[in-house]
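Hi,

Here is the structure I said I would pass on. Have a look at it first, and my notes on what turned up follow below.

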Amino acid sequence: MLTEFTFPKEFTARLGLQSKTVHDLKPLVVLAGPNGAGKSRYLRIVEIVLNQAAHLMDVAASLRQEIKSGSEGLHLSVMGTPQERLEATRKELEALRLPPGLLRSNRGPRAIPLRYSLQSGYGSSPWDMTPSTVAQVVGANKKGGFDQAIRSVYPYFYEVAKALHEAENRRIASHPVLQKNLEDARSFNQILRALLSAEIEPDLNDDAQVVALFRGRPFNPAELSQGELILAVWAIILHRQKEDLRGAHLLIDEPETHLHPDVCIRALTALQEQILGPEGQIWLATHSVPLIAHAGIESVHFVADNSIQYGGNKIDEVLDRLLGGPEGRSKLRALMANADELAFAVFAAQSLLPPGVVSAREGDEQQAQMVNAARELCAGKENVRILDFAAGRGRLAAALKSAGAVANQRFTYYAFQDPNFDDPRDRNECLEHIRSLGQPKAPEAYLVDTLEGFTIRDAERMKLVVLCNVLHEIPVRDWQHSFERIHDVLEEDGYLVILEDQHPSVGELPHANGYVILNEPALQHLFDSKDAVRRVSVEKNGRLTAFAVPRPFLKRVTPQTIGRALASVKRMAEDTIRYIRGKPRAERSFQEGRLHAHFTLLYANAQLASHQFPDPDKRADTLQEG
């Protein structure tokens with residue numbers, strides 16, 4: 001599955017589009033925007049790039065085989081030797097800027113466009129064809145597109161019914177060919193159920209001929225609505241390409257033109273859950289508000305004026321452009337809750353779900369904060385050892401590589417991942433980033449599931465331990481023990497670096513009491529000193545923070561200091577909630593609705609966690625110096 005995608009300038013320039021990179025892509029990627037904005041053209045570029053990557057991967061595989069067989073000297077070319085051509089092919093692949101993991105797979109990325117046109121008609125009845133013609137029309141779908149598939153709908157359903165009927169005859173059902181046909185027919189019925197909530201059943205007419213029953217009636221494509229006919233054709237296309245569908249990228253352009261939003265949503269859900277699998281992905285170009293709502297704002301990328309950008313933080317603009325401006329939006333408000341209330345509900349609902357893991361991406365401000373913190377705190381040091389605590393997908397490793405910070409051997413990167421929370425896909429992506437650093441040992445040597453080896457002797461200890469969006473996911477009852485473990489793996493003059501998104505855009509429930517995010521005052525209370533927290537950087541108007549805590553202060557965490565930190569969080573959250581609620585209704589925005597949900601949950605989570613710790617004493621607002 002693509003987690004980011006760059007629209008190359010060489011393609012966008014031809015189509016009048018701007019070259020952009022989209023990040024944090026979900027299983028459903030929505031390109032939303034008004035007609036003529038560029039959605040279909042961007043979708044076309046995705047198809048071109050993935051098909052080109054697949055072709056180049058095939059070429060590379062062929063060249064590697066040629067080199068391996070030792071026959072490269074027999075295949076001279078004006079393009080150079082096989083080794084030279086392989087290197088040129090690799091460079092072409094790199095220029096496409098696809099994720100390394102995708103290019104390392106055994107199969108190239110598969111782009112399957114689900115186009116549709118109802119101009120071709122649905123072809124002839126199987127009763128008007130010879131058996132050999134029926135077989136020929138059905139078999140042609142292996143290579144044909146939508147037009148071919150729609151002409152074969154009638155005979156295709158007939159052939160499936162015939163295979164199901166023949167399987168009922170015990171005398172001939174054991175024949176290998178008929179068994180294969182039966183398996184194929186059942187596979188097609190599975191796709192039909194997913195898309196149309198119905199399947200084919202065999203029956204005999206008055207002349208003892210096999211007919212296909214669909215929804216209890218002899219199948220006739222003329223009785224299907226346009227939307228149902230499109231879904232039936234999609235089923236044929238998907239069925240004929242089923243061996244390539246797992247992990248494929250389906251490209252669908254404005255399905256709402258012929259399909260009701262409810263049908264679209266059912267079809268998209270079925271495609272994702274029953275056909276594509278977890279590695280598959282759907283790219284959807286649409287201007288349908290219901291489809292955008294189904295996808296969720298985190299999946300939306302806004303296309304306007306021949307440019308594309310993440311739409312999650314521009315949902316107001318997206319809706320205005322799709323609904324005909326403020327007047328259309330105000331009419332929608334009459335049917336729905338206000339945007340701030342909707343954001344509150346969405347964020348609150350997300351806060352009952354497990355946390356997600358973020359992939360590395362170009363231009364990520366937190367990744368830049370990680371690198372800058374390492375440079376600032378380790379200035380003048382040689383061979384600095386960094387431990388990425390709960391590394392996830394290895395964003396810090398990617399950031400170090402991107403910044404060129406490893407090339408001069410200033411840093412040695414290690415990743416720690418608790419085996420109880422180690423997803424294989426996250427682990428593989430992390431290993432890819434470690435591999436890119438070119439460190440002397442195998443990548444697996446730097447991805448550890450225990451901290452024991454770092455505490456044996458001082459030479460093995462870390463200069464930095466980095467917690468990036470991790471502290472809030474650790475249960476508060478485990479804070480003291482976690483900081484003691486980190487203390488033990490740090491050098492005497494080492495630092496713990498805590499990076500947090502103070503205003504997360506997506507809610508989560510990492511553990512029973514929910515997340516607790518600490519700002520600077522709360523961290524000072526936690527480590528019992530104003531001098532315990534060194535502000536490394538604060539970005540995006542205070543949203544992204546990076547603080548460094550010297551090693552000695554990690555031992556100051558006690559149940560009492562935790563209680564005072566939680567009390568500080570509650571005071572800050574309560575003040576912010578009162579401020580937001582005090583604003584005039586007309587001045588509230590979608591973003592403030594999300595913040596309202598965040599601080600309400602933050603207050604509740606801190607309150608739930610505080611039950612395990614002593615009440616703050618009179619020193620709650622008084623901190624030690626040093």
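Let me start with one residue in the middle of things. Setting aside the neighbours within four places in sequence, alanine 373 is in contact with Val497 and Val536. Alanine 373 is found in helix 17, and with a relative accessible area of 1% this alanine is buried. The C-alpha atoms of alanine 373 and leucine 464 are 9.5 Å apart, although the two positions lie 91 residues apart along the chain. Please keep in mind throughout that this is a predicted model.

Now the overall picture. The protein chain has 626 residues, and buried residues make up 50% of them. Its secondary structure comes to 23 helices and 18 strands. If you take the contacts between residues at least 6 apart in sequence, 76% of them join residues at least 24 apart.

On to the sheet. Seven strands form an open sheet with mixed pairing, and the order is 14-13-12-15-16-18-17. Which strands sit at the edges? They are strand 14 (447-448) and strand 17, each of which pairs on one side only. Further in, strand 12 and strand 15 (residues 462-468) pair in the parallel sense, over three bridges. Leucine 387 has valine 465, in strand 15, as its bridge partner.

At the other end of that order, strand 17 and strand 18 run antiparallel and are joined by five bridges. There, arginine 535 stands opposite phenylalanine 547 in strand 18. These two strands make a hairpin with four residues between them, and lysine 540 takes a positive phi near 55° in it.

That lysine turns up again among the salt bridges. How many salt bridges are there? The count comes to 21. In one of them lysine 540 pairs with glutamate 365, with the closest N and O atoms 4.0 Å apart. Lysine 540 lies in the loop between strand 17 (534-539) and strand 18 (544-550), while glutamate 365 belongs to helix 17 (residues 365-377), so the pair ties together parts that are 175 residues apart in sequence. Are the two partners buried or exposed? Both fall in between: lysine 540 counts as partly exposed at 41% relative accessibility, and glutamate 365 is partly exposed too, with a relative accessible area of 35%.

The same hairpin loop supplies a partner to another pair. Aspartate 501 forms a salt bridge with arginine 543, and here the closest N and O atoms are 2.8 Å apart. This pair links distant parts of the chain, with aspartate 501 in strand 16 (residues 490-501) and arginine 543 in the loop between strand 17 and strand 18, 42 residues apart. Aspartate 501 counts as buried, at 14% relative accessibility.

A third pair worth a look is arginine 393 with aspartate 426, whose side chains meet in a salt bridge at 2.8 Å, N to O. Again distant parts of the chain are linked: arginine 393 is in the loop between strand 12 (384-389) and helix 18 (395-403), aspartate 426 is in helix 19 (residues 424-436), and the two are 33 residues apart. Aspartate 426 counts as buried, with 9% relative accessibility. Besides these pairs there is a network of salt bridges that links Glu279, Asp423 and Arg425.

Last, the cavities. The count comes to five of 30 Å³ or more, and the largest has a volume of about 40 Å³. What lines the largest cavity? The residues are Ile297, Ala343, Val346, Phe347, Gln350, Ser505, Phe590 and Arg594. By class, that lining has five nonpolar, two polar and one charged residues. Helix 16 (339-350) and helix 23 (590-610) each supply at least two of the lining residues, and helix 16 gives the most, with four.

If you open the model, you could begin with the loop between strand 17 and strand 18, where lysine 540 lies, and then go to the lining of the largest cavity, to which helix 16 gives the most.

Cheers

Key: Residues are numbered from 1 along each chain as its sequence is written. This is a predicted model: local features need pLDDT of at least 70, side-chain atom pairs count only at pLDDT 80 or more; totals for chains, interfaces and linings use all residues. Side-chain values use heavy atoms; hydrogens and water are left out. On a 1 Å grid over the protein atoms alone, a cavity is a set of points where a 1.4 Å probe fits but cannot get out, and a pocket is an open set with protein on both sides within 12 Å along at least five of seven lines; lining residues have an atom within 4 Å of a point. Grid points are joined across faces, edges and corners, and a volume is the space filled by probe spheres set on the points. Ala, Val, Leu, Ile, Met, Phe, Trp, Tyr, Cys and Pro count as nonpolar, Asp, Glu, Lys and Arg as charged, and the others, Gly among them, as polar. Buried means under 20% relative accessible area, exposed over 50%, partly exposed in between (1.4 Å probe, protein chains only). Two strands pair if DSSP finds at least two bridges between them. Contact means heavy atoms within 4.5 Å.
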